[in-house]
Amino acid sequence: MRILLIEDEPSLASVVKQGLEEQGYNVDAASDGEEGLYMAENFPSDAIVLDILLPKLDGLALLSRIRKKGIRTPVLLLTAKDALSDKIKGLDSGADDYLTKPFAFDELLARIRALLRRKGEGKEAVLRIGDLEIDTASHEVRRGGRGIRLSSREFAILEYLAYHNKTVVTRTQLIEHIYPEGFEWDSNIVDVYINRLRNKVDKGMSKKLIHTVRGTGYQLKTEPAE
């Protein structure tokens with residue numbers, strides 16, 4: 001899951017970013033409203049954590065602009081203002097939830113999880129490809145009833161392949177899914193993760209599920225790639 005954090009206070013942004021990454025989220029960060037608007041419009045995320053009081057472009061104006069462009073990404077507002085009128089204004093601008101500063105990180109995490117659950121309504125909670133089961137809520141993976149332990153990035157790649165199993169997924173798509181924008185990556189890093197997944201998911205199995213499509217990318221399916 002990718003989170004866009006738009007917060008101009010360096011110490012708070014650093015703590016929140018580190019905390020979210022330790023929970024397995026990939027976090028892009030912006031320190032002013034204009035940068036945040038650009039990233040929200042050009043780099044899709046699963047949720048946005050947005051401070052209201054930002055330089056260059058305030059959070060409510062930013063929120064209004066992305067909603068007018070049809071961007072429906074769930075937004076959690078961070079605000080030092082606790083007046084009811086301020087909260088109503090934020091929700092009316094298109095926010096999905098708000099949190100008043102100062103806040104406990106555990107509460108922020110719980111609010112984000114709630115937004116992501118609501119966003120995921122209508123999606124399958126457990127993805128199945130052949131005898132492979134991927135529980136998107138608990139992050140548990142099983143094949144033929146046997147539990148498989150994955151790192152957070154291994155799980156993110158496998159989940160992405162499962163959600164897009166009808167199409168071939170390119171290396172670039174996987175990189176953009178698991179790493180923040182601007183990350184400098186080696187050309188073989190995706191191959192390394194795919195090899196790890198094959199050793200955990202396919203090794204010793206008569207039917208392979210992770211297939212390479214030469215010159216294009218990868219696909220998770222029960223039939224061999226053409």
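Visitor: How much area does the protein expose, and what share of it do carbon and sulfur atoms supply?
Guide: Keep in mind that this is a predicted model. The protein exposes about 12000 Å². Of that area, the share supplied by carbon and sulfur atoms is 48%.

Visitor: What percentage of the residues count as buried?
Guide: A residue goes in the buried group if its relative accessible area is under 20%. The protein has 226 residues, and the part that counts as buried is 44%.

Visitor: How many helices and strands should I look for?
Guide: Let's start with the contacts that tie the chain together. Among those between residues at least 6 apart in sequence, 57% join residues at least 24 apart. As for the elements themselves, the protein has 8 helices and 12 strands.

Visitor: Which strands stand at the edges of the open sheet?
Guide: The open sheet is made of 5 strands with parallel pairing, in the order 2-1-3-4-5. An edge strand has a single partner strand, so one side of it is left without a neighbour in the sheet. From one strand to the next, the twist averages 20°. The strands at the edges are strand 2 (26–30) and strand 5 (97–100).

Visitor: Which residue is the bridge partner of Ile48 in strand 4?
Guide: Look at strand 3 (residues 47–51) and strand 4 (residues 75–79), which pair in the parallel sense over 4 bridges. In strand 4, the partner of Ile48 is Val75.

Visitor: What angle does the direction of helix 2 make with that of strand 2?
Guide: Helix 2 (residues 33–42) packs on the sheet, where it touches strand 1 (2–6), strand 2 and strand 3. Its direction and that of strand 2 make an angle of about 140°.

Visitor: Why are the buried residues of helix 1 on the same side, and how wide is their arc?
Guide: Helix 1 (residues 10–22) buries Leu12, Ala13, Val16, Gly19 and Leu20. On the other side of helix 1, Pro10, Val15 and Glu22 are exposed. The buried ones lie on the same side because the arc they cover around the axis is only 140°.

Visitor: Which residue takes a positive phi in the hairpin of strand 11 and strand 12?
Guide: Strand 11 (residues 210–213) pairs with strand 12 in the antiparallel sense over 4 bridges, and His211 stands opposite Gln219. The hairpin has 3 residues between the strands. The residue with a positive phi near 80° is Gly215.

Technical notes: Residues are numbered from 1 along each chain as its sequence is written. This is a predicted model: local features need pLDDT of at least 70, side-chain atom pairs count only at pLDDT 80 or more; totals for chains, interfaces and linings use all residues. Side-chain values use heavy atoms; hydrogens and water are left out. Two strands pair if DSSP finds at least two bridges between them. Helices (H or I, at least four residues) and strands (E, at least two) are DSSP runs, numbered from the N terminus. The expected span of a helix is 1.5 Å times one less than its number of residues. Buried means under 20% relative accessible area, exposed over 50%, partly exposed in between (1.4 Å probe, protein chains only). The arc is that of the directions from the helix axis to the C-beta atoms. Contact means heavy atoms within 4.5 Å. Accessible areas come from the Shrake-Rupley method with a 1.4 Å probe; for residues, only the protein chains shown count as cover. Axes are lines fitted to C-alpha atoms, for helices over the stretch in contact, and angles run from 0 to 180 degrees between N-to-C directions.
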